[in-house]
Amino acid sequence: FRANRLFWRGTHADWSTFFATMIALGALVWIASDRYARPLREWEAKGRGAAAKTPDAPLSIQQRAANYPLTMALISLSLWLVTGVFFAQGGLQFFSAAPDIFWRTFLGTALIGGLTNSTFVFLAVDFIWADHLPVFFPGGHIRRVRAPRVSVGRRLAVAFLITGVVPLVALGVAARNGALGVMEPAINPYEILDRLQLTVLFIVALGIASNLTLSALAVRGLLHPLKQLTDAMDKVGRGDMA
């Protein structure tokens, strides 16, 4: 095959392949996360159904519970890396991409798509999972379990990079690819501009949706512990020491 200098052409085949790949990717992430979370669900059902106070979960279950948000994010990122290889090698035009196109497409898919999605997965799962952790650590002491810690400052920094920098990079890449397409003598430049317009609109819409979602998750993840602390101080102020 001739080296594919314009892999993302914005054709119906490209968009169909993109959405089909995203659906398959989501299904694989769901299957992997379901298998990882199955022991956690079993222990949680046992703990919530017990009449007496449930003892701390086994160490293996505690480690799995403490690592759950980060593990889900890493599973998502690893599958995005595979998806990046698929798109970078030419998509349905198998092994048709030139080396420079391969690496540019791979890095764009893995860094822009993969990191954005993985950050969303981590923040969402971490926020939801916070209410489930007491079942696995009824006596507290979660810090005794060896698990990576992501500080609030790092979360805000990553959320800022994803919401503020990544969309600009994606738009810049789309504009550059469109300019390269216009210079191809065998391709109608007006067709390239029409497809570029659709691609830019898609990136802007997706960027706005992801930015709002990531910002909301980051802010709620920061305010939720503060609200719990405020509620506890109010109970103490009312004389409720339970």
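The following exercises, each with a worked solution, examine a predicted model of a protein chain.

**Exercise 1. Overall architecture**

Determine how many helices and strands the protein chain has, and which pattern the chain follows along the sequence.

Solution. Step one is to count the elements: the protein chain has 7 helices and 0 strands. Step two is to read these elements along the sequence, which gives the pattern α-α-α-α-α-α-α. Step three turns to contacts between residues at least 6 apart in sequence: 79% of them join residues at least 24 apart. Step four considers burial and surface. Of the 242 residues in the protein chain, 35% are buried. The exposed area of the chain is about 14,700 Å², and carbon and sulfur atoms supply 69% of this area.

**Exercise 2. Confidence in the model**

State the mean pLDDT of the protein chain, and identify where the pLDDT is below 50.

Solution. Begin with the chain as a whole: its mean pLDDT is 76, and 81% of its residues reach 70 or more. Next, locate the stretch in question: the pLDDT is below 50 over residues 1–6. In the model, this stretch has 20 contacts beyond near neighbours in sequence. Finally, apply the general caution: predicted coordinates should not be read in detail where pLDDT is low.

**Exercise 3. Salt bridges in helix α1**

Find which residues are joined into one network by salt bridges that share partners.

Solution. Start with the principle that side chains of opposite charge can pair when their charged atoms come close. The count comes to 2 salt bridges. One of them links Asp 34 with Arg 38, and the closest N and O atoms of this pair are 3.3 Å apart. Asp 34 and Arg 38 are separated by about one helical turn, because they are 4 residues apart in helix α1 (residues 12–49). The side chains of Asp 34 and Arg 41 also meet in a salt bridge, at 3.1 Å from N to O. Asp 34, Arg 38 and Arg 41 are thus joined into one network by salt bridges that share partners.

The last step classifies the three residues by accessibility. Asp 34 has 18% relative accessibility and therefore counts as buried, the cut-off for this class being under 20%. Arg 38, at 39%, counts as partly exposed, and Arg 41 is likewise placed in the partly exposed class at 41%.

**Exercise 4. Two side chains that reach backbone oxygens**

Establish which backbone oxygen the side chain of Ser 118 reaches, and which backbone oxygen lies 2.7 Å from a polar side-chain atom of Thr 71.

Solution. Place Ser 118 first: this residue is found in helix α4 (residues 99–129). Its relative accessibility is 7%, so Ser 118 counts as buried. The side chain of Ser 118 reaches the backbone oxygen of Gly 114 at 2.8 Å. Leaving aside neighbours within four places in sequence, Ser 118 is in contact with Ala 73, Ser 76 and Leu 77.

Now turn to Thr 71, which lies in helix α3 (residues 68–88). Thr 71 is buried, with a relative accessible area of 18%. The backbone oxygen that lies 2.7 Å from a polar atom of its side chain belongs to Asn 67.

**Exercise 5. Helix α6 and helix α7**

Decide whether Thr 163 is buried or exposed, and determine which residues Thr 163 touches beyond four places away in sequence.

Solution. Thr 163 is found in helix α6, which covers residues 152–182. At 18% relative accessibility, Thr 163 counts as buried. Beyond four places away in sequence, Thr 163 touches Asn 211, Leu 214 and Ser 215.

Distances between C-alpha atoms extend the picture. Thr 163 and Ile 208 are 45 residues apart in sequence, and their C-alpha atoms are 8.4 Å apart in space. For Ala 209 and Thr 163, 46 residues apart along the chain, the C-alpha separation is 9.9 Å. Ala 209 lies in helix α7 (residues 189–237) and counts as partly exposed at 40% relative accessibility.

**Exercise 6. A nonpolar surface patch**

Identify which residues make the nonpolar surface patch of about 420 Å².

Solution. The patch is made by Phe 160, Leu 161, Val 165, Val 169 and Val 173. Take Val 173 as an example: this residue lies in helix α6. With 33% relative accessibility, Val 173 counts as partly exposed, and it passes the cut-off of over 30% that patch residues must meet.

Definitions and conventions: Residues numbered from 1 in each chain as written. Predicted model: local features only at pLDDT ≥ 70, side-chain atom pairs only at ≥ 80, totals over all residues. Heavy atoms only, no water. Patch = residues over 30% accessible without salt bridge, like charges linked within 9 Å, V, L, I, M, F, W, Y side chains within 5 Å. Areas by Shrake-Rupley, 256 points an atom, 1.4 Å probe, with all protein chains shown as cover. Salt bridge = Lys/Arg side-chain N within 4 Å of Asp/Glu carboxyl O. Helix = DSSP H or I, 4+ residues; strand = E, 2+ residues; numbered from the N terminus. Buried < 20%, exposed > 50% of the residue type's maximum accessible area, 1.4 Å probe, protein only. pLDDT = per-residue confidence, 0-100. Contact = heavy atoms within 4.5 Å. Polar contact = N/O pair within 3.5 Å; in protein donor to acceptor, adjacent residues only side chain to side chain.
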